[in-house]
Amino acid sequence: MIDFEEELKKFQPSLEVEEAEEAIYNHDLTDMTDILQEMMKEARRNR
């Protein structure tokens, strides 16, 4: 039978997961709000 407590003690997170997490949090992604703001700026310039 598996001793879950013992297995949890041996657990170490994957470095790949940690690296991916850091990259996601540190990456400035454009979202829908940014796109709409840019479209509004262009529309005002083209009046």
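Student: How far apart are the end C-alpha atoms of α2?

Tutor: This is a predicted model, so we're reading computed coordinates here. Helix α2 covers residues 15-26. Its twelve residues, at 1.5 Å a residue, should span 16 Å. The model agrees with that, since the end C-alpha atoms of α2 are apart by 16 Å.

Student: And how many of the twelve residues of α2 count as buried?

Tutor: To count as buried, a residue needs a relative accessible area under 20%. Helix α2 is hardly covered, and across the chain 0% of the 47 residues count as buried. For α2, the count of buried residues is zero.

Student: Which element has the lowest mean pLDDT?

Tutor: Start with the whole chain: the average pLDDT is 87, and 100% of the residues score at least 70. Going by element, α3 has the highest mean, 93. At the other end, with a mean of 80, sits helix α2.

Student: What pattern does the chain follow along the sequence?

Tutor: The secondary structure comes to three helices and zero strands. The C-alpha trace spans about 75 × 20 × 10 Å along its principal axes. Read along the sequence, the pattern is α-α-α.

Student: Which residue forms a salt bridge with E7?

Tutor: Okay, look in helix α1, residues 4-10. The partner is three residues from E7, so about one helical turn separates the two. E7 is partly exposed at 41% relative accessible area, while its partner is exposed at 51%. The closest N and O atoms are 3.3 Å apart, and the partner is K10.

Student: What is the N to O distance in the salt bridge of E38 and R45?

Tutor: By the rule used here, the count comes to two salt bridges, and the side chains of E38 and R45 meet in one. E38 is partly exposed, with a relative accessible area of 37%, and R45 counts as exposed at 58%. The cut-off is 4 Å, and the N to O distance for this pair is 3.7 Å.

Student: What is the area of the nonpolar surface patch that includes L36?

Tutor: L36 is found in helix α3, residues 32-45. A patch residue needs over 30% relative accessible area, and L36 is partly exposed at 42%. M32, I35, L36 and M39 make the patch, and its area is about 400 Å².

Student: How much of the area the chain exposes is supplied by carbon and sulfur atoms?

Tutor: Remember that 0% of the residues count as buried. The chain exposes about 5300 Å². Of that area, carbon and sulfur atoms supply 55%.

Terms used:
Residues numbered from 1 in each chain as written. Heavy atoms only, no water. Patch = residues over 30% accessible without salt bridge, like charges linked within 9 Å, V, L, I, M, F, W, Y side chains within 5 Å. Areas by Shrake-Rupley, 256 points an atom, 1.4 Å probe, with all protein chains shown as cover. Helix = DSSP H or I, 4+ residues; strand = E, 2+ residues; numbered from the N terminus. Buried < 20%, exposed > 50% of the residue type's maximum accessible area, 1.4 Å probe, protein only. pLDDT = per-residue confidence, 0-100. Expected span 1.5 Å × (residues − 1).
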